[in-house]
Amino acid sequence: IYYWFITSCNFWTYSILILQMKNLLNKKVLFIICGGISAYKSLETIRLFKKCGAEIKTILTASAKEFVTPLSITSLSQGKVYSELFSVENENEMDHISLSRWADVVVIAPATANTISKLAQGTTDDLASTVVLASDKSIYLAPAMNVRMWEHQTTKANLKKLKDCGYKFIGPEIGDMACGEYGEGKMSDPRKIAEEIDQFFLNKKKNKNLKALVTAGPTNEYIDPVRFITNKSSGKQGYEIAKSLSKKGFDTTLISGPTNLEIDDDINLVKVETAEEMFLATQKSLPTDVAIFAAAVADFKLQKKYTNKIKKQETLNLNLEKNIDILNYVSNHNSMRPNLVIGFAAETDNHEKNAEEKLNKKSCDWIISNDVTNKNIGFNSDFNEVTIHYKNKKINNEKLFYKKKSEISDEIVDRIIDQLN
């Protein structure tokens, strides 16, 4: 009875999941299976994709054949399995080119430490690595390896290289491993992989014609060649919002003040330093559908910057003037105004009152406020807690409680999509 109950639950869970994932229908998915104990999960992953209506071709590396057979893959995918870089059967076709062009997306699962290393170095010594290097499509990797291998500095360096090149990662998960150890390195569940790829196609379809502009980070207003006026903004929230928008299919431009943060290749990054440079970059990026001004732009700049370094003095008087208000400019630019203009308010007191005043004064659609006196959130933290203030008073202001800035960003972007639609 217990076995029957569990089997029935799994059947209905998968049936509901398949009904929900409609965006894989008729999509061409190229699977690359690498040699690791998690290779057995690839069979279930392929079966799930096939149930959702995807067309599948598979590349099996030499070491992967030690764990799964071409016959088992063919029976599930109903498609051909490739493994040889030079094949007599396909001598008229260059498989590494034809396969990379055929696919709508490439999924490498499991992606072993060896495969990740080869891809990071640009090595092309087999069909799998050659196809990936020749591909012009989105590539997703589901890593699977021992926890010590995952945590090794070499692996981290390889992951950074691949992320910088625009590769996407699903997992890995934390849990018990086949080797008997516990930690991060388990390949993600087939359902999670399928959901991620389904979401990829949904985002492409849903938001492919929408443009987004995000500003992030501080600005530097120079006093002399070595000193400047700035603030404590890390840029983390703005960067995460840009990532979330891009993930949801927006054509995203990120205008960033000075930070040490990294961003995905599919985001158009414009680096600036001063408020004036950020303003000019914003003008060039219009028109856009949505503009989110998360940057902490300096309110003032020097009337006249010193040409040479100022020598030490007992006192020093600086004459300041107001910088241009970028948020106010875009909100009131009738011919180029985005459909949705969002500003940020970093407050130390009277949060609600100050945010509402800024919302009305700037003529924007939303103000997102947070308390920068709380050291657990805001500046330099990976976490945040914010309140969204809406100009449309038919919508109640919303508080997004303490969570990672990446999660806050996903919630903000979900609301942006709802409003634009």
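**View 1. Tyr222 and its ring partner, Phe228.** Tyr222 is partly exposed, with a relative accessible area of 25%, and Phe228, at 35%, is also partly exposed. Here, buried means under 20% relative accessible area, exposed over 50%, and partly exposed in between, using a 1.4 Å probe and protein chains only. This is a predicted model, in which local features need pLDDT of at least 70 and side-chain atom pairs count only at pLDDT 80 or more, while totals for chains, interfaces and linings use all residues. Residues are numbered from 1 along each chain as its sequence is written, and side-chain values use heavy atoms, leaving out hydrogens and water. The structure holds seven aromatic pairs. One of them joins Tyr222 and Phe228 edge-to-face, 5.3 Å centre to centre with 65° between the planes. Rings of Phe, Tyr and Trp (its six-membered ring) pair if their centres lie within 6.5 Å; planes under 30 degrees apart count as stacked, over 60 as edge-to-face and the rest as tilted.

**View 2. The hairpin from E10 to E11.** Strand E10 (residues 221–224) pairs with strand E11 (residues 227–229) in the antiparallel sense over three bridges. Two residues make the hairpin connection from E10 to E11. Look for Asp224, whose bridge partner in E11 is Arg227. Strands (E, at least two residues) and helices (H or I, at least four) are DSSP runs numbered from the N terminus, and two strands pair if DSSP finds at least two bridges between them.

**View 3. Phe279 meets Tyr329.** These two rings also form an edge-to-face pair, at 4.9 Å centre to centre and 85° between the planes. The pair links distant parts of the chain, 50 residues apart: Phe279 sits in helix H11 (residues 275–285) and Tyr329 in helix H12 (residues 326–331). Phe279 is buried at 9% relative accessibility, whereas Tyr329 is partly exposed at 24%.

**View 4. Helix H5 and its cover.** Within H5 (residues 113–121), the buried residues are Ala113, Thr115, Ile116, Lys118, Leu119 and Ala120. Their cover includes strands E4 (105–111) and E5 (138–143), together with helices H6 (127–134), H7 (147–151) and H8 (153–164). Just after H5 comes Gly122, with a positive phi near 75°.

**View 5. The ring cluster of Tyr140, Phe200 and Phe201.** Ring pairs link these three residues into a cluster. For a wider look, the protein chain has 14 helices and 20 strands, and buried residues make up 45% of its 421 residues.

Technical notes:
Contact = heavy atoms within 4.5 Å.
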